[in-house]
Amino acid sequence: MRPLETLKNFFVSVCCYKSSGIDLKSVFGYPNRLRGGEILSREKLNNMSGAVSARKMLPIILTLSLPTMLEQLLHTAVQYIDTAMVGSLGTSATAAVGATSTVSWLVGSTISAIGVGFLAFISQHMGSGEEDKARKASGQAVLAVIVAGVFFTVLTTLLSSQIPVWMSVDENIRDIAARYFLILYTPMLFRTASIIFGTVLRAVGDTKTPMLVGAGVNVLNIVLNFFLIYPTREYVLFKNTITVIGADLGVEGAALASALSYTLGGIMITIALWRHKTISPKGQSLKPDKVIIKACFRVALPNMFQRFATSLGYVVFASMINSLGETSAAAHTIANTVESLFYIPGYGMQTASAALSGYAYGAKDEGSLKRLVKTIIPLEVLLMILSGGLLFIFAPQLMSLFSKDKAVIELGSVVLRMVAVSEPFYGVPIVIEGIMQGLGKTMIPFLFSVLGMWCVRIVGTFIFTQLLSGGLVEAWGCMIGHNLVLFVMFVAYFASGKWDPFRKSKKI
């Protein structure tokens, strides 16, 4: 592909990128308006971008995935800053904050699964030109937010005191870990709105709005951390002494800062969805629509069980690591935070692959779906090789950003360099799963994930840490084994061609 052609095709895609994101209808051949208001015929769109060629697929993927990557990058940067701020309070504070993080994944991933069901339904019906059904689904998403948000608010607040006990958290930090969890999960309704409404927007190609909302949330979190975690103190700036008022709440201050930020994020994303020209739920009925709910949950339930089972596996995994002692728990928490930065390319590509595959299936555009696969998987491997290489090289420096404890830094650096080698293998299942989510095929990823998590990671970690007296290195070795097994299973299934919906076309 010639560089000038690539650049030209990128600008063609950008022309379809409205203030709220790329317009996927134009990509798959449906008449639409561009910025200048020109109405393009189906024939002209096909000549321009309707029949998506291989050389045009790359800029479309990047236009969709880059805002998601930036959003995740900002979120991870705040995690880094948050961890560093709490880390300055000591290893116990870091362990208290990280002790219940896997439960957070459990709750968040369960809600995300509901969003996946709406993503598949909305993207497919937008692709087929049935915009009315897509907007009705947006109204049902509001109902899902209310029901799930209230349910998880009640559940997490009632169980907040018991979760650190179930997680085998050290008795010395159980109370502070419980208070941190309670504060963090009080605004669960708003967190649910952020997750599900953000997915609805991404389903129509709008990855920009969730990015901007996430940026606002992250900036507020940092600012509030600064005032709520530390006591009142003085700084010298240009020979002038400045007094900064602080609440001196420590770990609880970090939780309060996050809770307030999540609340703002939920409000912002709700307003953005309500004002959205394409997928606004305004005027839609909030009464349960059996047809839409059944279709969405046929996709969501396997994904929900997958996320629940794997997240529960993370809880068990973390519980076994917590039992190894404070140093291992702190190293594991910080290493997880560091590693999350290097998963960003994978999950950015997953977002793009889910939306594009759903649209292509809905539009019955088999050629574009095949070109999506041939473009996005090699791109994903390349990006994960680069990110894994950087993680391997800079592991000690990244660990030292969050802890001054030499034992924690050394142990965390070892496990990070171990997992860095497996990054490219982990990236392939991520993007294949994204393609299958858009197609509404979530049962196979559920089965593969459960097998990998419980038969490899959990059983292996139990044997090495609980029976053979191993440590964090052995536990992360089992985690890497889990990633490699996922790679083998997903690649084998994909190579068989059974994922292809045009073999037996049936829209959800």
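**View 1. Lysine 133 and glutamate 130 pair up through their side chains.** In this predicted model, lysine 133 and glutamate 130 form a salt bridge, with N to O at 3.4 Å. Lysine 133 counts as partly exposed because its relative accessibility is 41%. Glutamate 130 is also in the partly exposed class, at 25% relative accessibility. The salt-bridge count here comes to 6, and the next view turns to another part of that set.

**View 2. Arginine 135 has two acidic partners.** One of them is aspartate 132: the closest N and O atoms of this salt bridge are 2.8 Å apart. Arginine 135 and aspartate 132 are 3 residues apart in helix H7, so about one helical turn separates them. Salt bridges with shared partners tie Glu131, Asp132 and Arg135 into one network. The other link runs from arginine 135 to glutamate 131, where the side chains meet at 3.6 Å, N to O. Here the spacing is 4 residues in helix H7, so this pair too is separated by about one helical turn. As for accessibility, arginine 135 is partly exposed because its value is 21%. Glutamate 131 gets the partly exposed label at 24%. Aspartate 132 counts as exposed, since its 53% is over the 50% cut-off.

**View 3. Alanine 141 sits out of reach of the probe.** Alanine 141 belongs to helix H7. With a relative accessible area of 0%, alanine 141 is buried. What does it touch, once residues up to four places away in sequence are set aside? The list is Phe118, Ile196, Phe197 and Val200. For a backbone yardstick, take glycine 117: its C-alpha atom lies 9.8 Å from that of alanine 141, and the two residues are 24 apart along the chain.

**View 4. A nonpolar patch shows on the surface.** Seven names to click through: Ile146, Val147, Val150, Val154, Leu158, Leu189 and Leu286 make a nonpolar surface patch of about 600 Å². Which helix gives the most to the nonpolar patch? That would be helix H7 (residues 131-159), with 5 residues. Valine 147, one of the patch residues, is found in helix H7. At 53% relative accessibility, valine 147 passes as exposed, because exposed means over 50%.

**View 5. Valine 150 is a patch residue with a contact to another patch member.** Valine 150 is placed in helix H7. Its relative accessible area is 45%, so valine 150 is partly exposed. Ignoring neighbours within four places in sequence, the contacts of valine 150 are Val145 and Leu189. Leu189 is itself among the residues of the nonpolar patch. Check the backbone here as well: the C-alpha atoms of valine 150 and methionine 188 are separated by 7.4 Å, with their positions 38 residues apart along the chain counted as the spacing.

**View 6. Strands E3 and E4 make a hairpin.** Strand E3 (residues 231-237) and strand E4 (residues 240-247) run antiparallel and are joined by 6 bridges. Which residue in E4 is the bridge partner of leucine 237? Look at asparagine 240. The hairpin has 2 residues between E3 and E4. One residue in the turn, phenylalanine 238, has a positive phi of about 55°, which is handy to have in mind when you bring up the backbone torsions.

**View 7. Histidine 332 makes a polar contact with tryptophan 476.** Histidine 332 lies in helix H14, which spans residues 326-341. Is histidine 332 buried or exposed? Histidine 332 is buried, because its relative accessible area is 7% and the cut-off for buried is under 20%. The polar contact joins the side chain of histidine 332 to the side chain of tryptophan 476 at 3.1 Å. With neighbours within four places in sequence left aside, the contacts of histidine 332 are Phe317, Ile321, Leu472 and Trp476. Trp476 therefore turns up twice for this histidine: in the contact list and as the partner in the polar contact.

Conventions: Residues are numbered from 1 along each chain as its sequence is written. This is a predicted model: local features need pLDDT of at least 70, side-chain atom pairs count only at pLDDT 80 or more; totals for chains, interfaces and linings use all residues. Side-chain values use heavy atoms; hydrogens and water are left out. Buried means under 20% relative accessible area, exposed over 50%, partly exposed in between (1.4 Å probe, protein chains only). A polar contact is a pair of N or O atoms within 3.5 Å; within protein, one must be able to donate a hydrogen and the other to accept it, and residues adjacent in sequence count only if both atoms are side-chain atoms. Contact means heavy atoms within 4.5 Å. Two strands pair if DSSP finds at least two bridges between them. Patches are made of residues with over 30% relative accessible area and no salt bridge: like charges are joined within 9 Å, nonpolar side chains (Val, Leu, Ile, Met, Phe, Trp, Tyr) within 5 Å. Accessible areas come from the Shrake-Rupley method with a 1.4 Å probe; for residues, only the protein chains shown count as cover. A salt bridge is a side-chain nitrogen of Lys or Arg within 4 Å of a carboxyl oxygen of Asp or Glu.
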